[in-house]
Protein chains: 4
Amino acid sequence: MWLRTRCELEFTITEPTPFVLMLRPYRGPNQWVAQEECRLSPTVAASEFIDTFGNLCLRLVAPPGEFAVHASAEVMTADNSDRGPGAPFIEVQHLPDSALSYLLPSRYCESDRFHTMASEITAGQQPGYNQVAAIESWLRERIRYLPGTSEFPESAVEVNLRQSGVCRDLTHLGIALCRSLSIPSRIVVGYLHDLQPMDMHAWFEAYVGGRWYTFDATQENLRRGYVVIGYGRDAADVALYNQFGAPVNCNRQETRVERID
Amino acid sequence: MWLRTRCELEFTITEPTPFVLMLRPYRGPNQWVAQEECRLSPTVAASEFIDTFGNLCLRLVAPPGEFAVHASAEVMTADNSDRGPGAPFIEVQHLPDSALSYLLPSRYCESDRFHTMASEITAGQQPGYNQVAAIESWLRERIRYLPGTSEFPESAVEVNLRQSGVCRDLTHLGIALCRSLSIPSRIVVGYLHDLQPMDMHAWFEAYVGGRWYTFDATQENLRRGYVVIGYGRDAADVALYNQFGAPVNCNRQETRVERID
Amino acid sequence: MWLRTRCELEFTITEPTPFVLMLRPYRGPNQWVAQEECRLSPTVAASEFIDTFGNLCLRLVAPPGEFAVHASAEVMTADNSDRGPGAPFIEVQHLPDSALSYLLPSRYCESDRFHTMASEITAGQQPGYNQVAAIESWLRERIRYLPGTSEFPESAVEVNLRQSGVCRDLTHLGIALCRSLSIPSRIVVGYLHDLQPMDMHAWFEAYVGGRWYTFDATQENLRRGYVVIGYGRDAADVALYNQFGAPVNCNRQETRVERID
Amino acid sequence: MWLRTRCELEFTITEPTPFVLMLRPYRGPNQWVAQEECRLSPTVAASEFIDTFGNLCLRLVAPPGEFAVHASAEVMTADNSDRGPGAPFIEVQHLPDSALSYLLPSRYCESDRFHTMASEITAGQQPGYNQVAAIESWLRERIRYLPGTSEFPESAVEVNLRQSGVCRDLTHLGIALCRSLSIPSRIVVGYLHDLQPMDMHAWFEAYVGGRWYTFDATQENLRRGYVVIGYGRDAADVALYNQFGAPVNCNRQETRVERID
C-alpha cells in the first residue's frame, strides 16, 4: 500500500527559538520511504541526528516571524499489522536486551501502579498476545476516545481517572497495563490512512511471541496504512516537536494521508 | 582516592524470578575500576548487557529459596566533582546530540510542570552553572533530607508537595527544575564515601559550560569519593534491581565504602 | 549552497540477488537534506538500516531482469571545508573514543606499513593539520590522479607501488599515511559539485585540533560543494553497493550534481 | 566450567606512551564474569570505553620506566561451543543488520579474493554450517599451525601463500573463505583452557542457522573452555594492545588459564 503523507506546521516566533522536530518517517524493515521532503520557510540551517531509539530528529533555531515546516513523504507500508492470537508471553530472561527498557515505567506510563488492574482485565487469558488483546478491548470499551480534546500528554494514571482521552492517552494506559504484566510495550507515532478525523496518530506495540505486534484501541479493527515516524517509551520520547525557551504558538497543524497506488 | 565498595542483597524467592541488576561500577573516563567481583549464591547462570546509557546490567533468574548477591569493587575515583561557578548556559542548538534526551520530562521528573518555579528559584542568577547551584541550595534549604524514609521512588511533583525525601527524591526535583530551564540534567546512582547513614546514593549532574558537573543537595559541601554505578534520566532507568513477576522481599541490603589508599 | 544530486544505477539480473546499497545523503550536522528520493524499478520490497558509522543503508533482493535504482536529493551543504593551518595534533589520550577506531589499519589502509614514509613526507611540519596538508600536497604531486581507471578498490600499499589511481586510491594512501602518524583519518564518499569528469567521489578527513577537517588530493584547491553519503574506515565500509551471490553487471552508472540556488 | 584467567604484560617505556588495551573478558550472554582485576604498575590514571563491537577497552598513557599490566578474571564459560551440522545458510536478505558488516572484506581478511577457492573447498557441501566445517577441516589439514612463529598479524592472502601460521593467521584465512561465500564471519580473541602451548588465542565464528557458531582450526576437536575477550572483523579490531608513538618493547607476556571448579 503506497501512501503520501503530509504534515504542515506553522508558528509565530517572537525570539530565536530552538526546536527539535520528529517528522521524517522511520527507516526500518517494515516500511519503505521512496521519497520525502522537509521544507523550512524561511530556510534556516538545520541538522539531523538519530536518537537512541533510531528516530530521525531535526534540530534548528527558528527565527522571529512566521515560521513553517512542511514535511511530506511517499511510503510503501508493509503488512506489519497482522494479528497473532496465541503468540506466547516471553519470559523476561528470554527477551532480547533491546526490549528490556520497554518494561520499565516511564514519564506517562506509570506501570508500577497498574499490576492489580491489569491482572483483573486479563483474568483467564492465555499469557502473551491474548492478554494484550484483552487490554486493547478493555480500552476500547471503557475509555472514551475523544480525538482532539487534549493539548498535553496525560499519563496512564490521569487517563484512568478521567476515563477518556485522545489516541496518545489511550496508548499510555495500554502500555502501562502491558508493562505491569512484564510485557514490553512501546508507543508508536505516525500517520494512519483514513483516520477520522485526520491528525497525527499514536498507537502501541507489544512484544510477544518473539516479535512486536501492533495494537490500536482507537480503531474498531486493525487496519493497514500505518506509517511510523518514531518509537519510544511514551509521548515524552516522540513529540512531533519540542520547543525550548519562551513558549510559541503553533497556529496551524495540518495532516494529510492519501493513497497513491 | 582509592575506595573499596561493597553491596550485599539478600532475597527470599518463592518462584523462579527474573531480575535485572545494576551493581557494577560504571566504566568511563572519570573512574578506574581496578578490581571487581559479583558473587551469586547459589550460583546461577547470569549474563550481562550494556543498556542504552552505557550502564552494565546483569540478568538472571533467581531460583526459589534464599538468594544473595554480593558485589564489591576497588575503584580509583577521579576528581570529577569540581565546582564551576560561572560556567555558561549552553543554548539548545549547541548542545551535543547525546545531551538532548536529558532535556525531556521523564517518569519521575515532570519538568514540563516546573518552569515558573525554576524561574523564581533562579531569579537574578547568571544562566548556567549558577542557576543549578541556586537550585541545589534551594533544595538543601527547603526540602528536608530524610534518609531511609522512602521505599518507592517519588516524582518531582510528589516531592515538591511533601517537601521532604530521600536522596533520590531531592535528585528528581533538582533534575526537573534544571530541565525546565533547558539545562540537561541526569541522575547518577552509586556510592559516596562517608555518607551518613551509609546506603546506596543518588545525586545529579547538569550540563553547563560544555561538560557535566556534579550536584548533590544532600551534602553540605561537594566532596570527593563518588563512585558511579549508572546514569539515567531518573530512578526508573537506574534501579539497583528490577524484579519481574510476583514481588519478592529484599531481606537485607547492606552497603559499605572504605578508603584503601 | 543548494545542490541537486542524482545517481542512476542499472543492472541486468539473472537470479534473485541481494544488495546492500548506500545512496542516501548522510544525515548530520554539516548538510541539510531538504528532499530526497530513491526509486526502484521494478518496485521491490526494500528496507533500510543504519550501520555502525551512522550511514543509511538500503537492503533489497533484486529480481531477475532489468533492475534500476534512481536516487536523487536536494541538499544544502554547509561550509565544512574550511582550512585549519596550525590546528594541533591531538595526543591519543585526548582523542574522543569515537575517533580511536580511525587510528587502526583497515582493509585498504595498511597504516602499519607507512610510518617511515609518512615521517619523511611530513618532515619539518608542525604536528597536526600541517602534517596532513603536507601529505595531501605530496599525494597531489606524486600520485597521478587518473579518474575512471580502476574497477576495484586498491589498498594504500598497491597505490603506492603503482603511483597512480582514482580518487578512492589516493584517499586510501592519504588515510594510511595519516594513521601511521597517529592522526585519526577516515574516508568520505559522496558527490562533489563540478567534479571533472563527473562521478561518485571519495576524499578523506583527518582529526586534528579537536575536529574533523576535509582533505582532497584530487583537487587543486579545496572547494565547496561536497555532499556526504557515508563515512568509513576505507572503501570496504562505504561501497555504493555490495552485491552478494553470482556477480551481476552494472550496465550503467550515471552521476549528476547541479546547483539549484 | 569455572576458569581463572591471567595475562601479564611488561614493557620498558622510554617516553610517555599512549596505549589502548583490550584485556577485560567480554560481557555477554555466553559467559559470566564473577571476578576480575586489572592492576597497573605503576598505578596511572586509566579510563575505559566500549568500542563499536561492545568490547571493553582501556586507555592510558604509560610513564617512562618499567610498566606492567596484570589482568585476571574468574569466568564461568557457557557451553557455547556446540556443533550444528546441517544448520542452514541464511540468505543475505534474512541476516540481522548486525551481521552484515561481517560479510565485508577487512584489513586482514581480503574475502574479495577467495570466492573461487572457497567454492572448491566446499564443493558438494550443503550451504551453511557444513561449508564452514569443510573450511575448518581444510585449514586443519593444509595450513600448518605453528604457534609462536609470527609477530605481526598476517592477512588471509599472505597466510594462503605461506601455508602456515599462528592461530590468528588460520583464523584470518577461515574468515576470508567464509565471507567469500556470503557467510558472516568474525574473529574472537581470548583464552582457551589447556591450549598447548599456553598463549592468548584467536578463533572464529560463523553465522549460520540463525546464530553464531564457534570454529577453531587449531584444535583437533571443539572443546569447552573458551573465554572471550573481544569480537571484531579481524585482528586489527581486537589487538591485545595498540600502542602509539615510538615503538616500545613488550619484555614479557604471560598467559595462564586454570580450572577452578
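Helices and strands here are runs assigned by DSSP, with at least four residues for a helix and at least two for a strand. Keep that in mind as we walk through this predicted model.

Let's start in chain A. UniProt, in an unreviewed entry, places a feature called "domain: Transglutaminase-like" at residues 159-219 of this chain. What is that span made of? Helix accounts for 30% of residues 159-219 of chain A and strand for 38%. If you look for the two ends of the span, their C-alpha atoms sit 18 Å apart.

Now move over to chains B and D, and look for a sheet. Strands in a sheet pair through backbone hydrogen bonds, and they can do so in a parallel or an antiparallel way. The sheet to find is an open one with 8 strands, and its pairing is antiparallel. Read across it and you get the order 14(B)-1(B)-6(B)-3(B)-3(D)-6(D)-1(D)-14(D). Which strands sit at the edges? They are strand 14 (249-259) of chain B and strand 14 (249-259) of chain D, each of which pairs on one side only. From one strand to its neighbour, the average turn is 15°, ignoring direction.

Zoom in on the chain B end of this sheet. Strand 1 of chain B, covering residues 2-13, runs antiparallel to strand 14 of chain B, and 10 bridges link the pair. For a landmark, find B:Cys7, which stands opposite B:Thr255 in strand 14 of chain B.

Next comes the place where chains B and D touch. Each side gives 27 residues: 27 from chain B and 27 from chain D. Together the two chains bury about 2100 Å², with 53% of that on carbon and sulfur atoms. Three residues stand out: B:Arg27, B:Trp32 and B:Glu48 supply 32% of the area chain B buries against chain D, more than any other three residues.

What about charges? There are 6 salt bridges between chain B and chain D. One of the salt bridges joins B:Arg27 and D:Glu36, whose closest N and O atoms are 3.4 Å apart. There are also 11 residue pairs in polar contact between these chains. On chain B's side, the elements giving two or more residues are strand 3 (31-41), strand 4 (46-50), strand 5 (56-62) and strand 6 (65-77). Strand 3 of chain B gives the largest share, 10 residues.

Finally, which chains don't meet? No contact joins chain B to chain C; their closest C-alpha atoms are 10 Å apart. Chain A and chain D have no contact either, and their closest C-alpha atoms lie 10 Å apart.

Methods: Residues are numbered from 1 along each chain as its sequence is written. Chains are lettered from A and ligands numbered from 1 in the order in which they are written. This is a predicted model: local features need pLDDT of at least 70, side-chain atom pairs count only at pLDDT 80 or more; totals for chains, interfaces and linings use all residues. Side-chain values use heavy atoms; hydrogens and water are left out. UniProt positions are given in the numbering used here, feature names are shortened, and annotations may be inferred rather than shown by experiment. Two strands pair if DSSP finds at least two bridges between them. Axes are lines fitted to C-alpha atoms, for helices over the stretch in contact, and angles run from 0 to 180 degrees between N-to-C directions. Contact means heavy atoms within 4.5 Å. Buried area is the accessible area (1.4 Å probe) that two parts lose on being put together, summed over both. A salt bridge is a side-chain nitrogen of Lys or Arg within 4 Å of a carboxyl oxygen of Asp or Glu. A polar contact is a pair of N or O atoms within 3.5 Å; within protein, one must be able to donate a hydrogen and the other to accept it, and residues adjacent in sequence count only if both atoms are side-chain atoms.
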